[in-house]
Structures are given as structure tokens and as C-alpha cells.
Amino acid sequence: MDKFTIELIVANRYGVLNRITGLYARRGYNIDSLNVNETADPNFSRMLIVSKGDAAIQTQMVRQLSKLYDVKEVTLMSAVNFSK
Amino acid sequence: MKKSGAQIIIEQLCAHGADTVFGYPGSAVLPLYDELYKNAHRINHIITAHEQGAAHAADGYARASGRTGVVITTSGPGATNIVTGIANAYLDSVPMVAITGNVDVPLLGKDSFQEVDIVGITQPVVKHNFVVRDIHELEFTLHEAFRIANSGRRGPVLVDIPKNIQTETCEYMKMKPASVEMPKKNFDLQQAVAAIQASKRPYIYAGGGVVASGAGAELLEFSRRISAPVGLSMMGMTALPASYEWNLGMCGMHGAYAASLVQAESDLVIALGVRFSDRATGDTDAYEKDRTILHIDIDLSEIDKNVASQISICGDIKQVLRALLDILPKCDRKAWTDYVSGFKKSQALPHSNDFSPKNIIETTSRFCNDDTVIATDVGQHQMWTVLYYPFAKPRTLLTSGGLGTMGFGLGAAIGGCIANSKKRTILFTSDGSFGMNLNELATAVTQKLPITIIILNNGALGMVRQWQTMFYEKRYSQTTLYRKTDFAALAKAFGAAGYTAHTLSELEFALHNAPENGPAVIECPIDIDEKVFPMIPPGGCVEDIVIS
């Protein structure tokens, strides 16, 4: 299955990480890598989440994440070819 | 003007038109209940027998009225008792605001008495939830709760409010309700119009989204305009009158034969406000095969989730249908509509006077009018109600579709009856489902609600028994109840009227004599092996349909 990376801009407050990872867990998708940082604006954090799934799963995750109240932006990152 | 947290809750409830709320007091909501006492002239609080009943009542109130249902409980067990009710509202996209008390903020996270993390517990079954840890956030949070519950695809929102927040004070800003109107969009309809015009055998599959957006009239016109028959999901049962000639009834596992067969014959499925539940589609490969799927829904995440569509439009059903009706020419498909009408007629069952579920429901329907609200519990009686009751107007069916919650019915009937100006309300239930939350009979008696409760008593958990008969070689594991409950006597013990009917004329007598100012229970013993047919076995398709 294809690896894919989703970038999120989320509200920087308690419980938000739990809501995001809970969504992955409920749909049965393992998180391979997770990175969270506060942005220059302390009201928001940026998350980078790497997991595996085909195109349908990727689309579904983007749409499900977009519905969360604390999620402000969702970007499906284009694949990076590391072999070069 | 400074107000306490409890006063701010009252003001925001009133600002959002929540003049009727359902709940149960307790330690962590004492300040709020003190304000409810002082504001009894502004907010009618209905005390139920159990918090779950309050949540189902708020749900039933919302389904029947289209307004937001509000439920209030205390912390800990009060909060956990409404989790089923919240999940039920979530699965059926019912707007609800649940307010729970909690221990004082300094006591949070210390396993204090009656403390649970209700925000953590309910997270997977709400649109969003909040803990209010600062009084200055309370007004905006409540305002947001109502906005979220009512915007886009509707659903429940929970607000957890610690007790000290209810007594602290801050400035009240008088926030007005946010507009939840869908912004006007220009839909890209080109592909949809082309597919509809190219289709020889179009079929509309309409669901709860049609009812939620109030698009019944548009659906009827759309169906006539493009000459397409309509199959309904259970959530969409009241989207069209049963009497409409091209309304084929419910589709899916226990749906009408006509709805399943016509879907299988179609070359285009126009799905309106549905999420293609497994119970409605069966085998999705067979469902999608040899036909175009045009999916229209307000929730983008439903598009291509369960069934892959070739064409999709994301938007409010009413808006999309109006836009389509603006440009679609009249299209007659005589061969197709003749086939559908003829097929529907040939499916009419012969008349009998048996004391069968069908005749019990049809007899009851003669004591109802187009506005009568019908609630159900979950199981065989629910399917029979949907198959045989002639629904005429939107929001007249309160039934647990997605979660399939046994015990939903009585609470929902209470909420629906109150929403419908305490007019005669019917609950079709069964011995199994009724046994789960019958304590709410006390609420219906106290509130003087004319709810007629028809118990189809087969002495078993009928739907599970049916599956055991068909798929487990009649090993009736834990589904034969052997209970000796005298339901008529039970009703009288609660202060309700109680009847037992063994014939249609006895049922008519009971329906005729049911009081105007309180509930009546009518027990109708039926055969233990009554089954719901037709049935498409789970994961099957129309070729697998079992007729009897």
C-alpha cells in the first residue's frame, strides 16, 4: 500500500491530538509517523502524519479530518520520491 | 450585565428557541436546575425516569419538529447514561445539544465522586464536544454547540460544564443564534444532467437527507419530471407519501420487493441524501454493477465511502434539486414507468382478517391521520411498521435507523408527542424492546401524553430468532423469553390504561377507548414464528431475496 502524508493545521489546545489520532484508530489506519509543532501563531499547531493506504483511503481520510471542528486546514502532500 | 454560568446557560437555551428540554438533575447540575426552577415560565423541563429516556426524548423531539433537541444530565452515571442516546442521534444525523455537569474544575482528573471523562467517552459519536474550564468561554461555547449541531449534516454536540463554572459570574454578551442556512452555491450539474437525460431506466434512492433539508416537494417534482421511481432508505421513509404511484417503499435487507427489483433493473441510481448503509445496499459490487451511480449528499465524506460514484454533487439536497429542476426538461419514459407501475400493482397482498402484524398496523393506521407521529423500537415490528404503515408527511416516523437502538421508542414517542402539541402519538414496539426502557411509562403518565403503545408480543426476540431460524439451524440461543409479564396490568400499575387484544375487533375497541390525556398500552400477542419478508440475506443481492 502507498505511504501518504497529510499536513494539518489545527487548534493548539488540549485534546486535539486525541481527536485526530482517534479518527485514524477508529478507521483502522496505523500512524507510521507523527510530528506536531506549534506554529508562529500560538493558536495553531501544524501536524504531519504519515500512514499507508490507497487513493480511496487517502481521500476518505482527508474528508473525515476536514469535518473535525479543531482542524483548520488539511493538505494531502504529494508523494516524494526518496530514491533519487 | 453580569450573569452566573447557570444563568448564561438558560439565556443561551432561550436565545436558541430551546423552550422544551429533557433531563434529570443531580449534584453536578444543581446550580443549573436552580435556575431552571426560577425560569420554569421560559423553559419547560421534562423530567424522565432515566437519563437514556431523556436523550431519546430529545432525539424524538428533534426528529418530529426539526428543531434542536436538548438533554441535560449530571456528571458520571448521568452522563454515561446518555451515551447510547447521543450515538443514536449521531448515526441518524439528528441535531442535539447535550449538556452535562461535571465536578469542579480543580477536581477534574482526580477520579472525584461521579467524575467521568464524558468528552473522551463520547468523542467518536458527536460532531464535536467541549469542556468549559473558563466561565468566559461558556457563552460562546453554547452558541457554537447549537451552530455545529444544526450546520451542514446535523448531529449531536456535547458541552460538559463543571459545577463551579455554573456558579461563577461574567459579563453576558447576548449572542444571537448563528445562521445555519447553507450558503447558495453554483453546482456543477452538467454531468448529472447528461446522465439523467441519457438514462433509459433511472431510479432514485432517497434518504434522510431529503427529510432533513425539507425537500419532499422537490423530490416529488423531480421524480415526475424525469419519470424515475423512488426507493427509500429507512431514514427517508417519510420523504414521499406512501400513496405516490412511483414510491416503491423501503429498499434494502427488509425492503419492499419492488424497490429491490427496480433498483436491480435500473441503469442509473440517483442517490439523494443517503450514505449507502450496508443494510440498504447488500452486496455493493452487485449494487454498482452495470449502472451509473450519481450521488448527491451534503457530507463530502459520504461520497465514494461505501459505494463508488461516477458523478457526485456535494450540497444541500433541496438546493441541488431546485437547481436541477431549473434546467431539466420533462422526460417521459413510458416503457419504464409502465413496468414500474404494473410491477407495484402485482405485488399487492391479498386481504385477510388474521391478527397478523400487517393487519394490526393497518388497523391502527385507520385511527390516525396524516400528521400522527409514529415511533418504533427496533426489530421485526420496526420493519413491519415501515413496510405497512402508510406514511403521508415528513417527520412523522421516529425510528432508530443507524444505531438500531432497542429501547429508543418510548422516549422518542414522548419527545415526538410533546413536539406535536401533545396530539395522539403511536408507538409500535415489541416485548423485547419495550422491556428495555418501559420505565418511561411513568413520564408519559405524569405528562398526560396520549401515546398509544402497541406491543407486538411474540414472546421472543423476534428478529434475532428469525436469523437463528434462517442461518443457525433453529438453535434459539437466548431468544425465547418465557416471560410472564402482564402488560395490561403493568400499564395500570404505572397509571396508564392497559388492554390486551387477540383480534382486530378487540384492537379497534382498545384504540377507540384509549384515553385522550394519558398513555395506553395495547398488548397484541402474535405468533412466535412470524417473520419479516422479503429479506435479502446480509451481503446478498436481489437474486438472493427470500419472499416467504
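Start in chain B of this predicted model and select strands β9 to β14. They belong to an open sheet of six strands, ordered β11-β10-β9-β12-β13-β14, with parallel pairing. Now look at the two ends of that order. β11 (247-250) and β14 of chain B are the edge strands, and each has a single partner strand, so one side of each is left without a neighbour in the sheet. Ignoring direction, neighbouring strands here are turned by 15° against each other on average.

Next, zoom in on the β11 edge. Strand β10 (residues 230-232) of chain B runs parallel to β11(B), and two bridges join them. To find one of these places on screen, select V230(B) together with its bridge partner in β11(B), N247(B).

Stay in this part of chain B and pick helix α15, residues 317-327. Which of its residues are buried? Colour I317(B), K318(B), Q319(B), V320(B), L321(B) and L324(B), and you have them. Then show what covers these buried residues: the cover includes three strands you have already met, β12 (268-272), β13 (292-297) and β14 (311-314) of chain B. Helices α9 (190-198), α10 (208-212) and α11 (216-226) of chain B are also part of that cover.

Now zoom out and colour chain B by domain. The domain assignment gives domain 1 as 2-171, domain 2 as 190-346 and domain 3 as 357-525. Put domains 2 and 3 of chain B side by side in your view: their C-alpha centres lie 30 Å apart. Where they meet, 14 residues of domain 2 are in contact with 13 residues of domain 3. Try colouring the domain 2 side of this contact by residue type; you should find nine nonpolar residues, five polar and no charged.

Your next stop is helix α22 of chain B, residues 462-471. Select G462(B), M463(B), R465(B) and Q466(B), which are buried. Turn the view until you look down the axis of α22(B): these buried residues fall within an arc of 160°, so they line one face of the helix. They pack against α18 (380-388) and β17 (425-430) of chain B. Before you leave, step just past the end of α22(B) to E473(B), where the backbone takes a positive phi of about 50°.

Time to move to chain A. Select its open sheet of four strands, which has the order β2-β3-β1-β4 and antiparallel pairing. The edges are β2 (31-38) and β4 (71-77) of chain A, each pairing on one side only. Strand β1 (residues 3-11) of chain A pairs with β4(A) in the antiparallel sense over six bridges. Show I6(A) as sticks and look opposite, in β4(A), for L76(A).

Add the helices. α1(A) packs on the sheet and touches β1, β2 and β3 (44-52) of chain A, its direction making about 150° with that of β1(A). α2(A) lies across β1 and β4 of chain A and runs at about 165° to β4(A).

Finish where the two chains touch. How many residues does each chain bring to the contact? Chain A gives ten residues and chain B gives eight. On the chain A side, the elements that give two or more residues are α1 (16-26) and α2 (55-66) of chain A. The largest share of that side, five residues, comes from α2(A). By type, the chain A side divides into two nonpolar, four polar and four charged residues.

Key. Residues numbered from 1 in each chain as written. Chains lettered and ligands numbered in written order. Predicted model: local features only at pLDDT ≥ 70, side-chain atom pairs only at ≥ 80, totals over all residues. Contact = placed C-beta atoms within 7 Å. Nonpolar A, V, L, I, M, F, W, Y, C, P; charged D, E, K, R; others polar. Pairing = 2+ DSSP bridges. Axes fitted to C-alpha atoms, helices over the stretch in contact; angles between N-to-C directions. Buried ≥ 20, exposed ≤ 12 C-beta atoms within 10 Å, placed from the backbone. Arc of directions from axis to C-beta. Domains from an automatic or database assignment.
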